[in-house]
Amino acid sequence: MATSGTLPVVDLAPFFTGDESGMARATEAMREACHTLGFFRAVNHGMPAELMKRALELSAAFFALPDEEKAKVRPAEGSQAPLPAGHGRHPAHLVDRYEYVRVCHPRHELNLYFPDEPAGFREAMEECYAKLTELGLLIQDILNDCMGLPPGFLKEYNSDRGLDVMVALRYFSSSSREGEEIGLSEHEDGSCVSFVFQDGVGGLEVLKDGQWIAAEPADGSIVVNIGDVLRVLSNNTFRSATHRVVRKAAHRHSFGFFWSIHGDKWVEPLTEFTAKIGDAPQYRGFKYNEYMQRFMKSRTDPQARPEDAFSVSHYAI
Ligand SMILES: O=C(O)CCC(=O)C(=O)O
Ligand SMILES: [Fe+2]
């Protein structure tokens, strides 16, 4: 399989030109990547390279503002919002070293804290959100095929876009002090599927067979990874790989987009991966909200010790 850096590459161009045999090849490449690594690099994905570059530059300009400016879009301490939009930083007790601006769907009432500065940042974020949503729909359809599900199954199961979230991130440049190498600690994503585009600095790494492999930056491409929801639905056929970000000599900027599901949805291994093929389910079912709350708490709760970290294996049978 083609690789760029170390990730498998999936060329989505055929889905825009209608080339049937190209679509079949891309679907096969995606299936293989989801089975073996849970990560791939999408190219010709429909998201304009100019937009990604502009959004990354504007986010860098935002993060370079003095803290008083960034504080204007920071939710109040103790905000009750489930996913407070706006500016924030890694929890102080963690080894992680990053800051972020989180936005929900542009029409969502949680977006109370949306930066006005620098000029054009808000518009670029909204454009990215819209384009990533289109890409999410396309990838979801292809994944539906990869999983051998009835046509339109995932689209119907996951028809609510209210919990999707986009995050502009800045990881702080490395420090010479020991124990401070990490930008974002190792984790699996709680999404259905996640999307990342990044500047040229690098630092995203994926765990494969006990080895960290670098997801090197490649201009214009988007890193796509499987989250825990698809891992459970597919009864572990699709991998939701552990990944992390290590700090580099320069600040690193990236955008993450997390394609989620409605909080009331029930998540359990689908019969296509269990009864219909004579396999036992490897997870018991759960309501997505319950999982998400525990997942978020494990990543942000100041009391949490790393060894207490919650993961989807909590539901493993
Ligand atoms: O910034 C990145 O490259 C990855 C971010 C990530 O893994 C996450 O936010 O879950
Ligand atoms: Fe992640």
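Biologist: What makes the four strands 7-12-9-10 an open sheet, and which strands are at its edges?

Modeller: In this predicted model, 4 strands line up in the order 7-12-9-10 with antiparallel pairing. Strand 7 (182-187) and strand 10 (211-214) are the edge strands, as each pairs on one side only. From one strand to the next, the twist averages 30°.

Biologist: How do you know that strand 7 and strand 12 pair?

Modeller: Two strands pair if there are at least two bridges between them. Strand 7 and strand 12 (residues 243-246) have 3 bridges, in the antiparallel sense, so they count as a pair. Within this pairing, Ile182 stands opposite Val246 in strand 12.

Biologist: What makes His187, Asp189 and His243 donors of the iron ion (ligand 2)?

Modeller: A donor here is an N, O or S atom within 2.8 Å of the metal. His187 (NE2), Asp189 (OD) and His243 (NE2) coordinate the iron ion at 2.1 Å, so they qualify as donors under that cut-off. Along the chain their spacing reads H-x1-D-x53-H. The two histidines link distant parts of the chain, with His187 in strand 7 and His243 in strand 12, 56 residues apart. Both His187 and His243 are buried. Water is not among the atoms, so the site may look incomplete.

Biologist: Where does UniProt place the feature "domain: Fe2OG dioxygenase"?

Modeller: The UniProt record, an unreviewed entry, puts that feature at residues 162-262. In the model, this span is 6% helix and 45% strand, and its end C-alpha atoms lie 7 Å apart.

Biologist: Why is Asn235 called buried, and what is Asn44 called?

Modeller: Buried means under 20% relative accessible area, and exposed means over 50%. Asn235 has 4%, so it is buried. Asn44 has 44%, between the two cut-offs, and therefore counts as partly exposed. Asn44 has a positive phi of about 50° although it is not a glycine, and Asn235 likewise has a positive phi, of about 55°. Asn44 sits in the loop between strand 3 (39-43) and helix 3 (49-63), while Asn235 belongs to the loop between helix 7 (228-233) and strand 12.

Biologist: What makes strand 8 (residues 193-198) "mostly covered"?

Modeller: For strand 8, 6 of its 6 residues are buried. Val193, Phe195 and Phe197 lie on one side and Ser194, Val196 and Gln198 on the other, so both faces are covered, each residue being under the 20% cut-off. Strand 8 runs antiparallel to strand 11 (residues 222-226), joined by 4 bridges, with Val196 opposite Val223. Strand 8 also pairs with strand 13 (residues 252-259) in the antiparallel sense, over 6 bridges; there Gln198 stands opposite Ser254.

Biologist: Why is the set that includes Met30, Leu132, Leu143 and Phe195 called a nonpolar core?

Modeller: The name applies because such a core is made of buried residues of listed kinds, Met, Leu and Phe among them, joined through side-chain atoms within 4.5 Å. This largest core has 67 residues, and those four have the most contacts inside it. Helix 5 (residues 121-146) gives the most to this core, with 12 residues. Leu143 touches Met30, Cys34, Leu154, Val193, Ile226, Leu230 and Phe238, not counting residues up to four places away in sequence. Apart from this core lies another, of 16 residues, including Phe39, Tyr171, Val223 and Val245.

Definitions and conventions. Residues numbered from 1 in each chain as written. Chains lettered and ligands numbered in written order. Predicted model: local features only at pLDDT ≥ 70, side-chain atom pairs only at ≥ 80, totals over all residues. Heavy atoms only, no water. Buried < 20%, exposed > 50% of the residue type's maximum accessible area, 1.4 Å probe, protein only. Contact = heavy atoms within 4.5 Å. Axes fitted to C-alpha atoms, helices over the stretch in contact; angles between N-to-C directions. Donors = N, O, S within 2.8 Å, 3.2 Å for Na, K, Ca; no water. UniProt positions renumbered as here; feature names shortened; annotations may be inferred.
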